[in-house]
Amino acid sequence: MTADIGFIGAGKMGGALIGGLLSKRVFEADRIVACTGSEESRRRVAEEYGIRTVPGPAEVCSESRIIVLAVKPKQVPEVVSEMGDVSGKILVSVVAGLTVEQLKSYVPDVKIVRVMPNHCCMVLEGAMGYCDDGTLTDSERDEVAGILGSVGLAVSVSESEMDIVTGIAGSSPAFIYLVIDAMADAGVLNGLKRDAAIRLAAQSVLGAAKMVLETGKHPDILRDEVCSPGGTTIEGVRELEDRGLRAAMIAAVDVTAEKSRRMTRG
Ligand SMILES: NC(=O)c1ccc[n+]([C@@H]2O[C@H](COP(=O)([O-])OP(=O)(O)OC[C@H]3O[C@@H](n4cnc5c(N)ncnc54)[C@H](OP(=O)(O)O)[C@@H]3O)[C@@H](O)[C@H]2O)c1
């Protein structure tokens, strides 16, 4: 085999993974191949990442031991029909909503990993859940965890938990963008320039997230540390509680997971 990993589709998500693998040096560029849907994007991908591109899924699959499926859901039937023999190889699918069982029905003899990533993978700060079909060895599982870990935090979950992962990781960046935009509006209302307001709000979200992840403290404890008695911050916290921020966020993640469940059931 001439490559370790091959990508069928190298757009936003496939491209993010290729970028992560290269920047974290999980694989060298000459061990990665990819195919795309058009000659133009194929040239762009080869130029941008310095990897080898091949004409289609058949070449990706014959050359690689790990295959990443990163095309749009509607393109899946066409590309899987062109994969050829992939028996015993590992297929990592990032296709939203495509279940392990559906993948098995397309390609029965492959070892399947299903991933639900979010678009923050593009800046190597993704959050994703993944599950497999139970056929991978421990070292194969470790290797897949390393591949996904190159673009962010990857948590192993059961397939039944994929819908809530969609809510809490896949969709939640959109919720946080709303929060950042609203904080920036308040900045502008108080005379701050829009650009400074957006950057300060975004950095505050990033910093708070890092505090949770790096201190390991419960968010409640960290919030308590920021609220001095009779101070400014507790005034804002009371306002958010009064206006239902917590209930609104729980409901938003919950309805997203429910919608994902309905879509998976068809
Ligand atoms: N983007 C996200 O934030 C995100 C989050 C979670 C899950 N996902 C999942 O990731 C998958 C890819 O999404 P994306 O956002 O990366 O889409 P995208 O940017 O449109 O990329 C799709 C890629 O597939 C290629 N492609 C199209 N037809 C093909 C074919 N017949 N053979 C080989 N490659 C082909 C495209 O090439 P051309 O450019 O030449 O058409 C492109 O490189 C989707 O299934 C989506 O559900 C994405």
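**Exercise 1.** Which atom of the ligand does a backbone N or O atom of A96 lie 3.0 Å from? Work it out, then look for other backbone partners.

*Solution.* Keep in mind that this is a predicted model.
- Start at A96: its backbone N or O atom sits 3.0 Å from an oxygen atom of the ligand.
- Next, try G37, where a polar backbone atom is 2.9 Å from a ligand oxygen.
- Then go to A10, which has a polar backbone atom 3.0 Å from an oxygen atom of the ligand.
- With a cut-off of 3.5 Å between N or O atoms for a polar contact, the distance for A10 qualifies, and so do those for G37 and A96.
- Now for the cover: on its own the ligand has 900 Å² of accessible area, and the protein covers 81% of that.

**Exercise 2.** How many residues surround the ligand, and which are the closest?

*Solution.* Count the neighbours and you get 24. The closest are K12, M13, S41, V71 and H119.

**Exercise 3.** Sketch the chain as a whole.

*Solution.*
- Secondary structure: tally 12 helices and 8 strands.
- Extent: the C-alpha trace spans about 65 × 40 × 30 Å along its principal axes.
- Burial: of the 266 residues, 40% are buried.
- Contacts: take those with a separation of 6 or more; 58% of them join residues 24 or more positions apart.
- Surface: the accessible surface is about 14700 Å², with 58% of it belonging to carbon and sulfur atoms.

**Exercise 4.** How far apart are the mean positions of the positive and negative charges of the chain?

*Solution.* Average the places of the 29 positive charges, do likewise for the 37 negative ones, and the two mean positions come out 3 Å apart.

Conventions: Residues numbered from 1 in each chain as written. Predicted model: local features only at pLDDT ≥ 70, side-chain atom pairs only at ≥ 80, totals over all residues. Heavy atoms only, no water. Helix = DSSP H or I, 4+ residues; strand = E, 2+ residues; numbered from the N terminus. Buried < 20%, exposed > 50% of the residue type's maximum accessible area, 1.4 Å probe, protein only. Contact = heavy atoms within 4.5 Å. Areas by Shrake-Rupley, 256 points an atom, 1.4 Å probe, with all protein chains shown as cover. Lys, Arg positive; Asp, Glu negative; His and termini not counted. Charge placed at Lys NZ, Arg CZ, Asp CG, Glu CD. Near = heavy atom within 4 Å. Polar contact = N/O pair within 3.5 Å; in protein donor to acceptor, adjacent residues only side chain to side chain.
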